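Here are some exercises to work through at your own pace, each with a solution that goes step by step. Please have a look at the chain before you start.

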Amino acid sequence: MDDIFDAIQKSAKRIKDVIDTKDVGYSQKENASGETQLELDIKCDMIIEEEFSRVACINTIASEEKEHAETLHSDGQYFIAYDPLDGSSLIDVNLSVGSIFGIYDGGFGAENMVAACYVVYGPRVEMVFAQNKTKLYLLQAGEFEFVKEIRLNEKGKLMAPGGTQQNWESYHKEMIDGFFKEGYRLRYSGGMVPDLHQILLKGGGLFSYPATSDKPNGKLRRLFEVFPFAFVYKIAGGEATNGHEDLMSLGYAHVHDTSPCFFGSKYETTRVKEVYAKNA
Ligand code: AFP
């Protein structure tokens, strides 16, 4: 696992350099989820693949930017699913973006997840690594330095409600409105890494990306986004649900499968489960 941690750190430093210097014009390609791929996405994907290909314990990688999983070392133990540059459409307006990694032992699937990690490229570069604890690191003078362990409060103050509101179910809208009436404050940038990072570091709240009429299975991808953040939040003392089931109990059929998702502290996720149970 140390080799993987090291390769993620090397990738993050290289990605930071590319973000700072690279032209961000659109390329002509589409990724496996049908989205336009920025040249930057492709470059970041190549960096991570290059760093992971040097780590013998990594068996197979799956990337949000690749249609299929790729075997690197057939006798390796770990399977890693990653989103090289989540929220890359925010780069041209200079908002924070991130890389997300889910580390699986013996094969992909939430039940095999042993660690999860994400990197936030903002005014500072920070990394959160969750294994038996959720830990925060800061890139300082070229090295990632441990800052602190992160723990979520039972109840938070922030609300990050994703998805097009026009397409929300009415009970979902009522639930979100209810949180705002209780005093929750809106914090939504459109990048799940900085949005979830903010909730995690400010003690709690709720990030949601529900099923909507235009996206009945949600938008966020299970292997690259949903399972890694579910793992990080749960280890930090929070919860992660699709409204009915724990996100970590879900399977997947295809590497690019999505799921509705809610991540937060216990107070808010308990409310989500109550509201969704009534409207099943
Ligand atoms: P991009 O990587 O295409 O910018 O998408 C970012 C993202 O997957 C995730 O980071 C956000 O939480 C989510 O999409 C935002 O989606 P909406 O724009 O539909 O709110």
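The exercises below concern a predicted model, and they go from domains to sheets to salt bridges.

**Exercise 1. Find the domains and describe the contact between them.**

Step 1. Begin with the bounds: domain 1 covers 2-149 and domain 2 covers 158-278.

Step 2. Next, place them relative to each other. Their C-alpha centres are 21 Å apart, and 39 residues from domain 1 and 27 residues from domain 2 take part in the contact.

Step 3. Now turn to area. About 2500 Å² is buried between domain 1 and domain 2, with carbon and sulfur atoms giving 69% of it. On the domain 1 side, the residues that lose the most area to domain 2 are Ile100, Ala110 and Tyr118, which together make up 21% of what that side buries.

Step 4. Finish with the polar part. Eight residue pairs are in polar contact across the interface of domain 1 and domain 2, counting pairs with both residues at pLDDT 80 or more.

**Exercise 2. Work out which elements of domain 1 face domain 2, and which residue classes they bring.**

Step 1. List the elements that give two or more residues to this side: strands E3 (58-63), E5 (78-86), E6 (97-105), E7 (113-121), E8 (125-130) and E9 (134-140).

Step 2. Pick out the main contributor: E7 gives the largest share, seven residues.

Step 3. Sort by class: the side of domain 1 that touches domain 2 holds 21 nonpolar, nine polar and nine charged residues.

**Exercise 3. Trace the eight-stranded sheet and follow its strands E8, E9 and E10.**

Step 1. Write down the order. The sheet is open, has mixed pairing, and runs E4-E3-E5-E6-E7-E8-E9-E10.

Step 2. Look at the edges. Strand E4 (70-71) and strand E10 (143-149) each have a single partner strand, so one side of each has no neighbour in the sheet.

Step 3. Follow E8 into E9. These two strands form a hairpin with three residues between them, and they pair in the antiparallel sense over five bridges. In this pairing, methionine 127 stands opposite tyrosine 137 in E9.

Step 4. Continue from E9 into E10. Here the hairpin has two residues between its strands, and alanine 141 in the turn has a positive phi of about 50°. The pairing of E9 and E10 is antiparallel, over six bridges. Leucine 139 stands opposite phenylalanine 144 in E10, while leucine 136 has lysine 148 as its bridge partner.

**Exercise 4. Do the same for the five-stranded sheet.**

Step 1. The order of this open sheet is E12-E11-E13-E15-E14, again with mixed pairing.

Step 2. Strand E12 (185-186) and strand E14 (239-241) are the edge strands, each pairing on one side only.

Step 3. Strand E11 (residues 158-161) pairs with E12 in the parallel sense over two bridges. Methionine 159 is found opposite leucine 186 in E12.

**Exercise 5. Place two salt bridges in the overall picture.**

Step 1. Start with the counts: the whole structure has 16 salt bridges, and one salt bridge is counted between domain 1 and domain 2.

Step 2. Take glutamate 64 and arginine 221. Their side chains meet in a salt bridge at 3.0 Å, N to O.

Step 3. Then take glutamate 143 and lysine 13, whose closest N and O atoms are 3.5 Å apart in a salt bridge. Glutamate 143 is in strand E10 and lysine 13 is in helix H1 (residues 2-21), so this pair ties together parts 130 residues apart in sequence.

How values were computed: Residues numbered from 1 in each chain as written. Predicted model: local features only at pLDDT ≥ 70, side-chain atom pairs only at ≥ 80, totals over all residues. Heavy atoms only, no water. Domains from an automatic or database assignment. Contact = heavy atoms within 4.5 Å. Buried area = accessible area lost by both parts, 1.4 Å probe. Salt bridge = Lys/Arg side-chain N within 4 Å of Asp/Glu carboxyl O. Polar contact = N/O pair within 3.5 Å; in protein donor to acceptor, adjacent residues only side chain to side chain. Helix = DSSP H or I, 4+ residues; strand = E, 2+ residues; numbered from the N terminus. Nonpolar A, V, L, I, M, F, W, Y, C, P; charged D, E, K, R; others polar. Pairing = 2+ DSSP bridges.
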